[in-house]
Amino acid sequence: MSSQDKIKAFLKERDAISISSIEKESGLPATLLSKFLKGNRPLNTSHLKKIIPILEKYGYEGVQDGCKIIAVVNHKGGVSKTTSTQNIGACLANFGYSVLLVDLDSQANLTENCGIEAEGNLFDKSGSTPVNIRENLDIIPCDLFLHDKENELRQDLDQWYKVKKRLDPLRVNYDFILIDTAPNLLYFTTNAMVAADEILIPTQAQKNSAGGIGRIMEYLDQINEQLTQNKRIMGIAITQYSALQKAQEIVEENIQDSLGDLVFDQVIPLNSAVQQANLLNQDIFEYQPKSKAAQAYQKLTKEILRRY
Ligand SMILES: Nc1ncnc2c1ncn2[C@@H]1O[C@H](COP(=O)(O)OP(=O)(O)OP(=O)(O)O)[C@@H](O)[C@H]1O
Ligand SMILES: [Mg+2]
């Protein structure tokens, strides 16, 4: 159960506790908690930091388990890894969560699409210092030099834990950390999978898609076995979907049949607004919040929130 759910359950169980006095004691805005209890808005990390010590006085025993690290992975290129990282991250930030995006692909597409200069990377001296994009949304950018770091990092015994070691100290500041990875299952992608709590796989509905996802699942099993990890796939998101193409419909059904509940109900349509937003270095909610893609990414994000 997340901190959010624990706090909700705690407050609902103890209806003798006055919500407005908790708001006052915690220094939270008036009505925030009633909106939270009605499910109309989440509590972000700074709210949690303020409210948990106050609730503890009333007997609350939950620890703040706030942050979730999600690696967005698929070794197939062009399946919307970067677009999904950017738009799901933006949507979570719009919902009020505190979000960090991490660009771990030396193509630096995520960095550029967020309108940030491709300068510095997670392993620079200043690499763990996030750059602010807008309210609730930060990024650790990437430049070409990330690629050169691999040989150096691989020399150490803890080579698979390099990303984890950089990101773990940042957990206290964020509700979500989303890592965009390159189209491969090589060094940095493996590191991202080890650092993550959950893996999100975007895929197009194309011939061989299910086989490719099977390969990622096998690889995750190897990581879990050989590095004594317990990582799981949070879900598979079908992207760039066009119901007009009969072949895509057939593949989508095949993916649903073979991977069942792992596949998110919400698919992301093929929508030119996504490409236009990319060209302008904006997320879809900034560019066209009413577009089909924005609505789909919002529903997908809600489904992600329900899954953890
Ligand atoms: N839903 C969509 N509708 C239309 N175009 C899309 C959609 N999602 C992504 N695209 C476009 O498809 C291209 C590939 O998307 P993206 O860069 O997100 O994929 P990727 O998996 O990160 O690629 P790579 O493997 O190279 O890192 C981009 O030009 C993007 O604008
Ligand atoms: Mg990409």
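**Questions on the sheet, the ligand shell and a helix pair**

Guide: In this predicted model, ligand 1 is surrounded by 20 residues, the closest being Gly-77, Lys-81, Thr-82, Thr-83 and Pro-183.

Visitor: What makes a residue one that surrounds ligand 1?

Guide: A residue counts as near a molecule if its C-beta atom, placed from the backbone, lies within 6 Å of it. For ligand 1, 20 residues form this surrounding set. Helices α5 (81-94) and α12 (272-279) each supply at least two residues of the shell.

Visitor: How do the residues of the shell around ligand 1 divide into nonpolar, polar and charged?

Guide: The shell has 6 nonpolar, 12 polar and 2 charged residues. Gly is counted as polar.

Visitor: Why are β3 and β7 said to stand at the edges?

Guide: The open sheet has 7 strands in the order β3-β4-β2-β5-β1-β6-β7, with mixed pairing. β3 and β7 (232-239) each have a single partner strand, so one side of each lacks a neighbour in the sheet. From one strand to the next, the twist averages 25 degrees.

Visitor: How do you know that β3 and β4 pair, and in which sense do they run?

Guide: Two strands pair if DSSP finds at least two bridges between them. Strand β3 (residues 131-134) is joined to β4 by 3 bridges, therefore the criterion is met, and the two run antiparallel. Arg-134 has Leu-137 of β4 as its bridge partner. The hairpin of these strands has 2 residues between them, and Asn-136 takes a positive phi near 70 degrees there.

Visitor: What joins β2 to β4 and to β5?

Guide: Strand β2 (residues 99-104) pairs with β4 in the parallel sense over 4 bridges, and Leu-100 stands opposite Asp-138 in β4. To strand β5 (residues 176-181), β2 is joined by 6 bridges, again parallel, with Thr-181 as the bridge partner of Leu-104.

Visitor: Which way do the residues of β4 point, and are they buried or exposed?

Guide: Leu-137 and Ile-139 point one way from strand β4 (residues 137-140), whereas Asp-138 and Ile-140 point the other way. All four are buried, which means that each has 20 or more other C-beta atoms within 10 Å of its own.

Visitor: What describes the packing of α10 and α11?

Guide: Helix α10 (residues 209-226) and helix α11 (residues 246-259) pack at about 35 degrees, with axes 9 Å apart. Ser-209, Ala-210 and Ile-213 of α10 meet Val-251, Asn-254, Ile-255, Ser-258 and Leu-259 of α11. By class, this contact has 5 nonpolar, 3 polar and no charged residues.

Definitions and conventions. Residues numbered from 1 in each chain as written. Chains lettered and ligands numbered in written order. Predicted model: local features only at pLDDT ≥ 70, side-chain atom pairs only at ≥ 80, totals over all residues. Buried ≥ 20, exposed ≤ 12 C-beta atoms within 10 Å, placed from the backbone. Axes fitted to C-alpha atoms, helices over the stretch in contact; angles between N-to-C directions. Contact = placed C-beta atoms within 7 Å.
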